[in-house]
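Please look over the structure shown here. The report below covers backbone outliers, the sheet, the helices packed on it and the charged pairs.

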Amino acid sequence: MSTLIQNPNHIGCHTLGQSESFFSGTQAIERDLINICAYDILKGTDDHFDGYVASGGTEANLQAIWIYRNYFCQEKGLKPQEICILCSEDNHYSMDKAANVLGTRIQKVRVTVDTREITADSVSTAIGVQVEKGTKAFIVVANMMTTMFGSVDNPDHYIHALEENNLPYLIHVDGAYGGFYFPFSETSHTMDFRNPKISSVTLDAHKMAQAPYGTGIFIVRKNLIHYVNTKEASYVEGEDFTLIGSRSGANAVAVWMILSKYGPFGYMEKIFVLQKRTSWMCDQLDKLNIPYFRNPAANIITIKKEGVSAHIAHKYGLVPDNHQHPSWYEIVVMDHVTVDKLNMLVQDLKEHQEQ
Ligand SMILES: *Cc1c(COP(=O)(O)O)cnc(C)c1O
(Lines give C-alpha, C1' and ligand atoms only; values in the text may rest on other atoms or scores of the structure.)
Protein backbone atom coordinates (compact mmCIF):
# COMPACT_ATOMS: atom_id res chain seq x y z
CA MET A 1 0.00 0.00 0.00
CA SER A 2 2.78 2.37 0.91
CA THR A 3 4.56 1.61 -2.38
CA LEU A 4 1.36 2.48 -4.29
CA ILE A 5 1.33 5.87 -2.56
CA GLN A 6 5.08 6.51 -3.08
CA ASN A 7 4.49 5.36 -6.68
CA PRO A 8 7.94 4.40 -8.00
CA ASN A 9 8.08 4.26 -11.80
CA HIS A 10 9.88 1.12 -13.00
CA ILE A 11 10.19 2.34 -16.58
CA GLY A 12 12.82 0.31 -18.45
CA CYS A 13 14.52 -2.96 -17.50
CA HIS A 14 16.49 -3.23 -14.27
CA THR A 15 18.50 -6.38 -14.80
CA LEU A 16 21.01 -4.66 -17.09
CA GLY A 17 22.72 -1.31 -17.53
CA GLN A 18 21.53 1.86 -15.82
CA SER A 19 18.10 2.64 -14.40
CA GLU A 20 16.35 5.68 -12.94
CA SER A 21 18.37 6.21 -9.75
CA PHE A 22 15.51 7.58 -7.62
CA PHE A 23 13.76 4.20 -7.61
CA SER A 24 16.77 1.97 -6.96
CA GLY A 25 15.21 0.46 -3.79
CA THR A 26 12.17 -1.10 -5.42
CA GLN A 27 14.20 -1.92 -8.56
CA ALA A 28 16.41 -4.10 -6.32
CA ILE A 29 13.27 -5.88 -5.07
CA GLU A 30 12.22 -6.49 -8.70
CA ARG A 31 15.67 -7.94 -9.49
CA ASP A 32 15.36 -10.24 -6.49
CA LEU A 33 11.91 -11.33 -7.70
CA ILE A 34 13.27 -12.09 -11.19
CA ASN A 35 16.02 -14.18 -9.59
CA ILE A 36 13.54 -16.11 -7.42
CA CYS A 37 11.56 -16.95 -10.57
CA ALA A 38 14.58 -17.72 -12.78
CA TYR A 39 16.62 -19.77 -10.30
CA ASP A 40 14.29 -21.13 -7.59
CA ILE A 41 11.15 -21.76 -9.65
CA LEU A 42 12.54 -22.26 -13.17
CA LYS A 43 15.82 -23.93 -12.10
CA GLY A 44 18.23 -21.67 -13.97
CA THR A 45 21.85 -22.60 -13.24
CA ASP A 46 24.96 -20.60 -14.07
CA ASP A 47 23.35 -18.75 -16.94
CA HIS A 48 22.21 -15.22 -16.23
CA PHE A 49 18.87 -13.69 -16.95
CA ASP A 50 17.11 -10.47 -17.85
CA GLY A 51 13.50 -9.82 -17.05
CA TYR A 52 10.84 -7.50 -15.70
CA VAL A 53 7.32 -7.34 -14.33
CA ALA A 54 5.12 -6.72 -17.37
CA SER A 55 1.46 -5.74 -17.45
CA GLY A 56 0.45 -9.37 -17.96
CA GLY A 57 1.03 -12.58 -19.86
CA THR A 58 -0.02 -10.95 -23.11
CA GLU A 59 2.73 -8.35 -22.91
CA ALA A 60 5.32 -10.90 -21.74
CA ASN A 61 4.50 -13.16 -24.70
CA LEU A 62 4.64 -10.23 -27.11
CA GLN A 63 7.96 -9.14 -25.61
CA ALA A 64 9.46 -12.60 -26.27
CA ILE A 65 8.18 -12.76 -29.84
CA TRP A 66 9.35 -9.19 -30.49
CA ILE A 67 12.89 -10.06 -29.33
CA TYR A 68 13.03 -13.19 -31.51
CA ARG A 69 11.52 -11.51 -34.55
CA ASN A 70 14.18 -8.80 -34.33
CA TYR A 71 16.88 -11.42 -33.77
CA PHE A 72 15.94 -13.24 -36.98
CA CYS A 73 15.62 -9.95 -38.90
CA GLN A 74 18.99 -8.61 -37.71
CA GLU A 75 21.06 -11.79 -37.57
CA LYS A 76 19.61 -13.71 -40.53
CA GLY A 77 18.40 -10.81 -42.67
CA LEU A 78 14.84 -12.12 -42.74
CA LYS A 79 11.65 -10.15 -43.24
CA PRO A 80 8.92 -10.44 -40.57
CA GLN A 81 6.70 -12.29 -43.03
CA GLU A 82 9.38 -15.00 -43.42
CA ILE A 83 9.22 -15.70 -39.68
CA CYS A 84 6.46 -17.85 -38.20
CA ILE A 85 5.12 -18.28 -34.69
CA LEU A 86 4.58 -22.00 -34.15
CA CYS A 87 2.19 -22.98 -31.36
CA SER A 88 -0.57 -25.42 -30.55
CA GLU A 89 -4.21 -24.83 -31.37
CA ASP A 90 -4.87 -24.64 -27.61
CA ASN A 91 -2.53 -21.65 -27.30
CA HIS A 92 -3.64 -18.44 -25.65
CA TYR A 93 -4.88 -15.85 -28.17
CA SER A 94 -2.00 -13.51 -27.29
CA MET A 95 0.06 -15.33 -29.94
CA ASP A 96 -2.50 -14.30 -32.57
CA LYS A 97 -2.20 -10.73 -31.31
CA ALA A 98 1.59 -10.96 -31.52
CA ALA A 99 1.49 -12.17 -35.14
CA ASN A 100 -0.88 -9.35 -36.02
CA VAL A 101 1.08 -6.60 -34.25
CA LEU A 102 4.56 -7.80 -35.23
CA GLY A 103 3.72 -8.76 -38.82
CA THR A 104 4.90 -12.37 -38.58
CA ARG A 105 3.06 -15.48 -39.65
CA ILE A 106 1.44 -17.87 -37.23
CA GLN A 107 0.87 -21.60 -37.59
CA LYS A 108 -1.17 -23.73 -35.20
CA VAL A 109 -0.27 -27.33 -34.48
CA ARG A 110 -3.21 -29.74 -34.15
CA VAL A 111 -3.75 -31.43 -30.79
CA THR A 112 -5.43 -34.77 -30.14
CA VAL A 113 -9.11 -34.27 -29.27
CA ASP A 114 -9.23 -36.14 -25.96
CA THR A 115 -5.69 -35.78 -24.59
CA ARG A 116 -4.93 -32.25 -25.94
CA GLU A 117 -1.41 -33.22 -27.01
CA ILE A 118 0.73 -32.05 -29.88
CA THR A 119 2.35 -35.03 -31.58
CA ALA A 120 5.48 -35.60 -33.66
CA ASP A 121 3.19 -35.92 -36.70
CA SER A 122 1.10 -32.81 -36.10
CA VAL A 123 4.24 -30.72 -35.49
CA SER A 124 5.91 -31.93 -38.64
CA THR A 125 2.75 -31.32 -40.69
CA ALA A 126 2.53 -27.73 -39.38
CA ILE A 127 6.19 -27.06 -40.19
CA GLY A 128 5.75 -28.54 -43.66
CA VAL A 129 2.83 -26.20 -44.40
CA GLN A 130 4.94 -23.17 -43.48
CA VAL A 131 8.13 -24.22 -45.26
CA GLU A 132 6.00 -24.63 -48.37
CA LYS A 133 4.79 -21.04 -47.94
CA GLY A 134 8.33 -19.67 -47.61
CA THR A 135 8.84 -19.47 -43.85
CA LYS A 136 12.58 -19.40 -43.03
CA ALA A 137 12.63 -19.32 -39.20
CA PHE A 138 10.31 -20.31 -36.37
CA ILE A 139 9.42 -18.76 -33.02
CA VAL A 140 8.07 -21.67 -31.00
CA VAL A 141 5.72 -20.99 -28.09
CA ALA A 142 5.34 -24.09 -25.91
CA ASN A 143 2.60 -24.22 -23.28
CA MET A 144 3.18 -24.80 -19.61
CA MET A 145 -0.56 -25.32 -18.91
CA THR A 146 -3.03 -23.99 -21.45
CA THR A 147 -5.79 -21.66 -20.28
CA MET A 148 -8.64 -23.98 -21.21
CA PHE A 149 -7.21 -27.46 -20.51
CA GLY A 150 -4.11 -27.14 -18.31
CA SER A 151 -2.31 -29.20 -20.96
CA VAL A 152 1.48 -29.05 -21.24
CA ASP A 153 3.35 -29.37 -24.55
CA ASN A 154 6.35 -31.63 -24.94
CA PRO A 155 8.95 -29.23 -26.41
CA ASP A 156 10.98 -32.18 -27.75
CA HIS A 157 8.49 -32.60 -30.58
CA TYR A 158 9.31 -29.08 -31.77
CA ILE A 159 13.05 -29.43 -31.21
CA HIS A 160 13.35 -32.76 -33.07
CA ALA A 161 11.29 -31.69 -36.07
CA LEU A 162 13.01 -28.32 -36.51
CA GLU A 163 16.53 -29.67 -36.07
CA GLU A 164 15.87 -32.57 -38.39
CA ASN A 165 14.98 -30.02 -41.09
CA ASN A 166 17.85 -27.64 -40.22
CA LEU A 167 15.44 -24.80 -39.57
CA PRO A 168 16.43 -21.89 -37.30
CA TYR A 169 14.22 -21.51 -34.23
CA LEU A 170 13.99 -20.12 -30.71
CA ILE A 171 11.65 -21.37 -27.98
CA HIS A 172 9.55 -19.36 -25.57
CA VAL A 173 7.49 -21.07 -22.84
CA ASP A 174 4.07 -19.61 -22.10
CA GLY A 175 3.67 -20.32 -18.38
CA ALA A 176 1.20 -17.48 -17.85
CA TYR A 177 -1.18 -19.99 -16.32
CA GLY A 178 1.17 -22.73 -15.15
CA GLY A 179 4.30 -20.81 -14.15
CA PHE A 180 3.26 -20.55 -10.52
CA TYR A 181 1.75 -24.05 -10.42
CA PHE A 182 3.34 -26.65 -12.69
CA PRO A 183 6.96 -26.30 -11.42
CA PHE A 184 5.60 -27.23 -7.95
CA SER A 185 3.30 -30.08 -9.02
CA GLU A 186 5.70 -31.75 -11.49
CA THR A 187 9.45 -32.04 -11.01
CA SER A 188 10.50 -34.18 -13.97
CA HIS A 189 9.88 -32.07 -17.03
CA THR A 190 11.85 -30.20 -19.71
CA MET A 191 9.99 -26.87 -19.67
CA ASP A 192 12.34 -24.74 -17.57
CA PHE A 193 15.86 -23.28 -17.77
CA ARG A 194 17.48 -26.67 -17.15
CA ASN A 195 16.64 -27.17 -20.83
CA PRO A 196 19.26 -25.18 -22.81
CA LYS A 197 16.88 -24.91 -25.79
CA ILE A 198 14.41 -22.78 -23.85
CA SER A 199 15.31 -19.10 -24.09
CA SER A 200 12.50 -17.36 -22.23
CA VAL A 201 9.44 -17.89 -20.04
CA THR A 202 6.27 -15.97 -19.19
CA LEU A 203 4.73 -16.46 -15.71
CA ASP A 204 1.64 -14.53 -14.61
CA ALA A 205 1.67 -13.77 -10.90
CA HIS A 206 -1.89 -12.45 -11.19
CA LYS A 207 -3.16 -15.94 -11.97
CA MET A 208 -2.14 -18.81 -9.64
CA ALA A 209 -0.01 -16.64 -7.32
CA GLN A 210 -3.08 -14.39 -6.84
CA ALA A 211 -1.11 -11.14 -7.05
CA PRO A 212 -2.87 -7.89 -8.05
CA TYR A 213 -3.43 -7.50 -11.81
CA GLY A 214 -0.53 -6.03 -13.72
CA THR A 215 1.98 -8.71 -12.72
CA GLY A 216 3.01 -10.71 -15.77
CA ILE A 217 6.61 -11.79 -15.38
CA PHE A 218 8.98 -12.04 -18.34
CA ILE A 219 12.34 -13.81 -18.03
CA VAL A 220 14.88 -14.29 -20.83
CA ARG A 221 18.43 -15.59 -21.01
CA LYS A 222 21.17 -12.94 -21.17
CA ASN A 223 22.26 -11.44 -24.50
CA LEU A 224 18.84 -11.45 -26.15
CA ILE A 225 16.88 -8.51 -24.75
CA HIS A 226 19.11 -5.95 -26.52
CA TYR A 227 17.33 -6.84 -29.78
CA VAL A 228 14.44 -4.70 -28.53
CA ASN A 229 16.42 -1.80 -27.09
CA THR A 230 14.66 1.44 -27.99
CA LYS A 231 17.61 3.83 -28.17
CA GLU A 232 15.25 6.72 -28.88
CA ALA A 233 14.09 6.46 -25.22
CA SER A 234 16.79 8.99 -24.48
CA TYR A 235 15.06 10.71 -21.57
CA VAL A 236 14.94 7.39 -19.66
CA GLU A 237 18.10 6.67 -17.70
CA GLY A 238 19.49 3.43 -19.19
CA GLU A 239 17.07 3.48 -22.18
CA ASP A 240 14.12 1.06 -22.51
CA PHE A 241 14.18 -2.66 -23.35
CA THR A 242 10.50 -3.29 -22.55
CA LEU A 243 7.28 -3.09 -24.51
CA ILE A 244 5.35 -1.18 -21.88
CA GLY A 245 7.02 2.13 -20.87
CA SER A 246 6.00 3.47 -17.45
CA ARG A 247 4.93 0.79 -14.96
CA SER A 248 4.35 0.64 -11.23
CA GLY A 249 7.11 -0.58 -8.92
CA ALA A 250 4.36 -1.59 -6.47
CA ASN A 251 3.59 -4.60 -8.67
CA ALA A 252 7.05 -6.09 -8.15
CA VAL A 253 6.80 -5.46 -4.40
CA ALA A 254 3.38 -7.19 -4.26
CA VAL A 255 4.64 -10.36 -5.97
CA TRP A 256 7.85 -10.39 -3.94
CA MET A 257 5.81 -10.11 -0.71
CA ILE A 258 3.45 -12.93 -1.69
CA LEU A 259 6.27 -15.32 -2.57
CA SER A 260 8.32 -14.38 0.49
CA LYS A 261 5.36 -14.86 2.85
CA TYR A 262 4.71 -18.35 1.52
CA GLY A 263 8.34 -19.41 1.29
CA PRO A 264 9.15 -22.46 -0.85
CA PHE A 265 7.52 -24.96 1.52
CA GLY A 266 4.43 -22.86 2.15
CA TYR A 267 3.90 -22.58 -1.58
CA MET A 268 4.47 -26.32 -1.99
CA GLU A 269 1.74 -26.97 0.61
CA LYS A 270 -0.67 -24.65 -1.21
CA ILE A 271 -0.19 -26.57 -4.46
CA PHE A 272 -0.39 -29.91 -2.61
CA VAL A 273 -3.88 -29.04 -1.30
CA LEU A 274 -5.09 -27.87 -4.73
CA GLN A 275 -3.79 -31.08 -6.32
CA LYS A 276 -5.66 -33.19 -3.73
CA ARG A 277 -8.92 -31.30 -4.27
CA THR A 278 -8.63 -31.61 -8.05
CA SER A 279 -8.06 -35.37 -7.77
CA TRP A 280 -11.04 -35.66 -5.43
CA MET A 281 -13.24 -33.95 -8.00
CA CYS A 282 -11.94 -36.23 -10.78
CA ASP A 283 -12.81 -39.29 -8.65
CA GLN A 284 -16.39 -38.01 -8.29
CA LEU A 285 -16.67 -37.43 -12.05
CA ASP A 286 -15.35 -40.95 -12.68
CA LYS A 287 -18.06 -42.38 -10.40
CA LEU A 288 -20.68 -40.47 -12.39
CA ASN A 289 -19.14 -41.56 -15.71
CA ILE A 290 -18.77 -37.95 -16.79
CA PRO A 291 -16.06 -37.50 -19.45
CA TYR A 292 -13.38 -34.85 -18.81
CA PHE A 293 -9.74 -33.97 -19.44
CA ARG A 294 -7.23 -33.37 -16.66
CA ASN A 295 -3.48 -33.10 -16.85
CA PRO A 296 -2.40 -34.92 -13.63
CA ALA A 297 -0.09 -32.00 -12.76
CA ALA A 298 -2.76 -29.30 -13.18
CA ASN A 299 -5.62 -27.86 -11.09
CA ILE A 300 -7.87 -27.69 -14.14
CA ILE A 301 -10.67 -30.09 -15.04
CA THR A 302 -12.35 -29.60 -18.41
CA ILE A 303 -15.63 -31.45 -18.73
CA LYS A 304 -17.13 -32.44 -22.09
CA LYS A 305 -20.40 -30.63 -22.67
CA GLU A 306 -22.34 -33.92 -22.67
CA GLY A 307 -21.49 -34.31 -19.00
CA VAL A 308 -22.93 -31.05 -17.70
CA SER A 309 -26.14 -29.14 -18.45
CA ALA A 310 -25.88 -25.52 -19.57
CA HIS A 311 -27.94 -24.62 -16.49
CA ILE A 312 -25.45 -26.19 -14.06
CA ALA A 313 -22.49 -24.73 -15.97
CA HIS A 314 -24.03 -21.29 -15.63
CA LYS A 315 -24.93 -21.76 -11.95
CA TYR A 316 -21.31 -22.58 -11.02
CA GLY A 317 -19.68 -20.19 -13.49
CA LEU A 318 -17.89 -22.99 -15.36
CA VAL A 319 -15.94 -21.46 -18.25
CA PRO A 320 -17.02 -22.57 -21.75
CA ASP A 321 -14.31 -22.95 -24.41
CA ASN A 322 -16.57 -20.98 -26.74
CA HIS A 323 -19.40 -18.81 -25.47
CA GLN A 324 -21.48 -19.30 -28.67
CA HIS A 325 -20.94 -23.04 -29.17
CA PRO A 326 -19.46 -24.68 -26.09
CA SER A 327 -17.87 -28.14 -26.41
CA TRP A 328 -16.15 -28.06 -23.02
CA TYR A 329 -16.71 -26.50 -19.60
CA GLU A 330 -13.81 -25.75 -17.29
CA ILE A 331 -13.34 -25.94 -13.51
CA VAL A 332 -10.27 -24.20 -12.04
CA VAL A 333 -9.56 -25.39 -8.50
CA MET A 334 -8.16 -22.43 -6.55
CA ASP A 335 -8.01 -21.51 -2.85
CA HIS A 336 -11.69 -20.60 -2.64
CA VAL A 337 -12.81 -23.73 -4.51
CA THR A 338 -13.09 -26.01 -1.49
CA VAL A 339 -14.25 -29.63 -1.47
CA ASP A 340 -17.47 -28.38 0.18
CA LYS A 341 -18.18 -26.20 -2.85
CA LEU A 342 -17.12 -28.88 -5.33
CA ASN A 343 -19.46 -31.28 -3.56
CA MET A 344 -22.44 -28.99 -4.24
CA LEU A 345 -21.62 -29.26 -7.94
CA VAL A 346 -21.28 -33.04 -7.66
CA GLN A 347 -24.72 -33.28 -6.03
CA ASP A 348 -26.29 -31.17 -8.79
CA LEU A 349 -24.61 -33.31 -11.48
CA LYS A 350 -25.90 -36.45 -9.78
CA GLU A 351 -29.46 -35.07 -9.51
CA HIS A 352 -29.39 -34.05 -13.13
CA GLN A 353 -28.40 -37.61 -14.15
CA GLU A 354 -31.25 -39.09 -12.11
CA GLN A 355 -33.87 -36.89 -13.77
C1 LIG B 1 -3.91 -15.63 -19.21
C2 LIG B 1 -2.96 -16.17 -20.18
C3 LIG B 1 -2.22 -15.35 -21.02
C4 LIG B 1 -2.43 -13.85 -21.09
O5 LIG B 1 -2.24 -13.27 -19.88
P6 LIG B 1 -2.88 -11.85 -19.48
O7 LIG B 1 -2.23 -11.71 -18.15
O8 LIG B 1 -4.37 -12.02 -19.44
O9 LIG B 1 -2.42 -10.86 -20.46
C10 LIG B 1 -1.31 -15.92 -21.87
N11 LIG B 1 -1.15 -17.25 -21.90
C12 LIG B 1 -1.84 -18.09 -21.11
C13 LIG B 1 -1.60 -19.56 -21.18
C14 LIG B 1 -2.79 -17.58 -20.21
O15 LIG B 1 -3.48 -18.42 -19.45
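## Residues with positive phi

Met 145 sits in the loop between strand 4 and helix 6 (155-164). The model is a predicted one, and in it Met 145 has a positive phi of about 80° although it is not a glycine. Most residues other than glycine have a negative phi. Met 145 counts as buried because its relative accessibility is 2%, and the cut-off for buried is under 20%.

A positive phi is also found at Lys 43, which is not a glycine either; the value there is about 60°. Lys 43 belongs to the loop between helix 2 and strand 1. With a relative accessible area of 32%, Lys 43 is partly exposed.

## The sheet

Seven strands make up an open sheet with mixed pairing, and their order is 1-7-6-5-4-2-3. Strand 1 (49-54) and strand 3 are the edge strands, each pairing on one side only. From one strand to the next, the twist averages 20°.

At one of these edges, strand 1 pairs with strand 7 (residues 216-221). The sense is antiparallel, and the pairing runs over six bridges. Within this pairing, Tyr 52 stands opposite Phe 218 in strand 7.

## Helices across the sheet

Helix 2 (residues 24-41) lies across strand 1, strand 6 (198-204) and strand 7. Its direction is at about 115° to strand 1. The loop that holds Lys 43 runs between this helix and strand 1.

Helix 4 lies across four strands, namely strand 2 (83-88), strand 3, strand 4 (137-143) and strand 5 (169-175). Relative to strand 3, helix 4 runs at about 155°.

## Salt bridges

Side chains of opposite charge can pair when their charged atoms come close. How many salt bridges does the structure hold? The number is 13, and three of them are described here, beginning with Asp 96 and Lys 108, whose side chains meet at 3.0 Å, N to O. This pair links distant parts of the chain, with Asp 96 in helix 4 (residues 94-102) and Lys 108 in strand 3 (residues 105-109), 12 residues apart. Helix 4 also lies across strand 3, so the salt bridge joins two elements already named together above. Asp 96 is partly exposed, at 30% relative accessibility, and Lys 108 is partly exposed at 30% as well.

A second salt bridge is formed by the side chains of Asp 348 and Lys 315, at 2.7 Å from N to O. Asp 348 lies in helix 10 (residues 339-354) and Lys 315 in helix 9 (residues 310-315); the two are 33 residues apart, and the pair links distant parts of the chain. Is each partner buried or exposed? Asp 348 counts as buried, at 16% relative accessibility, whereas Lys 315 is exposed, with a relative accessible area of 51%.

Another salt bridge joins Lys 305 and Glu 306, where the closest N and O atoms are 3.6 Å apart. Lys 305 counts as partly exposed, at 42% relative accessibility. Glu 306 is exposed because its relative accessible area is 58%, and the cut-off for exposed is over 50%.

How values were computed
Residues numbered from 1 in each chain as written. Predicted model: local features only at pLDDT ≥ 70, side-chain atom pairs only at ≥ 80, totals over all residues. Heavy atoms only, no water. Salt bridge = Lys/Arg side-chain N within 4 Å of Asp/Glu carboxyl O. Buried < 20%, exposed > 50% of the residue type's maximum accessible area, 1.4 Å probe, protein only. Pairing = 2+ DSSP bridges. Axes fitted to C-alpha atoms, helices over the stretch in contact; angles between N-to-C directions. Contact = heavy atoms within 4.5 Å.
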